[in-house]
Amino acid sequence: MENHIDAGRRGESLALDYLLHLGYRLRHRNFRFHRGELDLVMEAPDGDLVFVEVKSSRQDMAGDPAAWVTPAKQRQIQKVARDYCAVHGEADRAMRFDVVSVDLVPGFSGKAEIRHIPNAFLPDMGGYF
């Protein structure tokens, strides 16, 4: 049985492959700053800087993994995104926050189901401008 850490890594890899297939470019994976982490930092085909939170589920009855990105988690992601922008000189870039949910239980296709939610949440604007 796959533990939650391995499942998370597998879900993240599937999400990354999915986004690369859509034309996104990987900037960073697992960017850590102080006590936070960004799962994926991507550049969208339109040039936007995209901070992607990946949530994976190993159980049918666990609900929609995207719903696990709570307001508290959103604030944490935003703080680390601000730090990322400061470290990498990206403060003037157009950016957004996406969520990719990965249902690791095979669906009708026999594969994991991936759902990409662009602009899943909006920044609170604190410290972005």
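1. In this predicted model, L38 has a broad set of contacts beyond its sequence neighbours. Leaving aside residues up to four places away in sequence, L38 touches R29, N30, F31, F51, I77, V80, A81 and Y84. L38 is also one of three residues, with F51 and Y84, that touch the most other members of the largest nonpolar core, a set of 15 residues.

2. The elements that supply this core are as follows. Those giving two or more residues to it are β2 (36–43), β3 (49–57), α2 (71–88) and β4 (95–103). The largest share, five residues, is contributed by α2. A second core, separate from this one, has 14 residues, among them M42, V54, V102 and L104.

3. The overall fold comprises two helices and five strands. Along the sequence these elements follow the pattern α-β-β-β-α-β-β. The five strands form an open sheet with mixed pairing, in the order β1-β2-β3-β4-β5. β1 and β5 (113–121) are the edge strands, each pairing on one side only. From one strand to the next, the twist averages 30 degrees.

4. At one edge of the sheet, β1 (residues 25–33) and β2 are antiparallel and are paired over seven bridges. Within β2, E43 is the residue opposite R25. The hairpin of β1 and β2 has two residues between its strands, and H34 there takes a positive phi near 55 degrees.

5. Towards the other edge, β4 and β5 run antiparallel and are joined by six bridges. V102 has I114 in β5 as its bridge partner. V102 also belongs to the second nonpolar core.

6. Helix α2 packs on the sheet and touches β1, β2, β3, β4 and β5. The direction of α2 makes about 110 degrees with that of β1. The buried residues of α2 are Q74, I77, Q78, V80, A81, Y84 and C85, and what covers them includes β1, β2, β3, β4 and β5. Of these buried residues, I77, V80, A81 and Y84 are touched by L38. The colleague may ask why buried positions recur along a helix at such intervals; in general, an α-helix has 3.6 residues a turn, so residues three or four places apart point the same way.

7. The geometry of α2 is regular in length: its 18 residues reach 25 Å from the first C-alpha to the last, close to the 26 Å expected at 1.5 Å a residue. Just after α2, G89 takes a positive phi of about 60 degrees.

8. Helix α1 (residues 4–21) may be checked in the same manner. Because 18 residues at 1.5 Å a residue should span 26 Å, the 25 Å between the end C-alpha atoms of α1 agrees with expectation. The buried residues of α1 are A7, G11, E12, A15, L16 and L19. Their cover includes β1, β2, β3, β4 and β5. Just after α1, G23 takes a positive phi of about 100 degrees.

9. For the protein as a whole, buried residues make up 39% of the 129 residues. Among contacts with a separation of 6 or more, 55% are between residues 24 or more positions apart. The accessible surface comes to about 7500 Å², of which carbon and sulfur atoms account for 53%.

Note on methods. Residues are numbered from 1 along each chain as its sequence is written. This is a predicted model: local features need pLDDT of at least 70, side-chain atom pairs count only at pLDDT 80 or more; totals for chains, interfaces and linings use all residues. Side-chain values use heavy atoms; hydrogens and water are left out. A nonpolar core is a set of buried Ala, Val, Leu, Ile, Met, Phe, Trp, Tyr and Cys residues joined through side-chain atoms within 4.5 Å. Buried means under 20% relative accessible area, exposed over 50%, partly exposed in between (1.4 Å probe, protein chains only). Helices (H or I, at least four residues) and strands (E, at least two) are DSSP runs, numbered from the N terminus. Contact means heavy atoms within 4.5 Å. Two strands pair if DSSP finds at least two bridges between them. Axes are lines fitted to C-alpha atoms, for helices over the stretch in contact, and angles run from 0 to 180 degrees between N-to-C directions. The expected span of a helix is 1.5 Å times one less than its number of residues. Accessible areas come from the Shrake-Rupley method with a 1.4 Å probe; for residues, only the protein chains shown count as cover.
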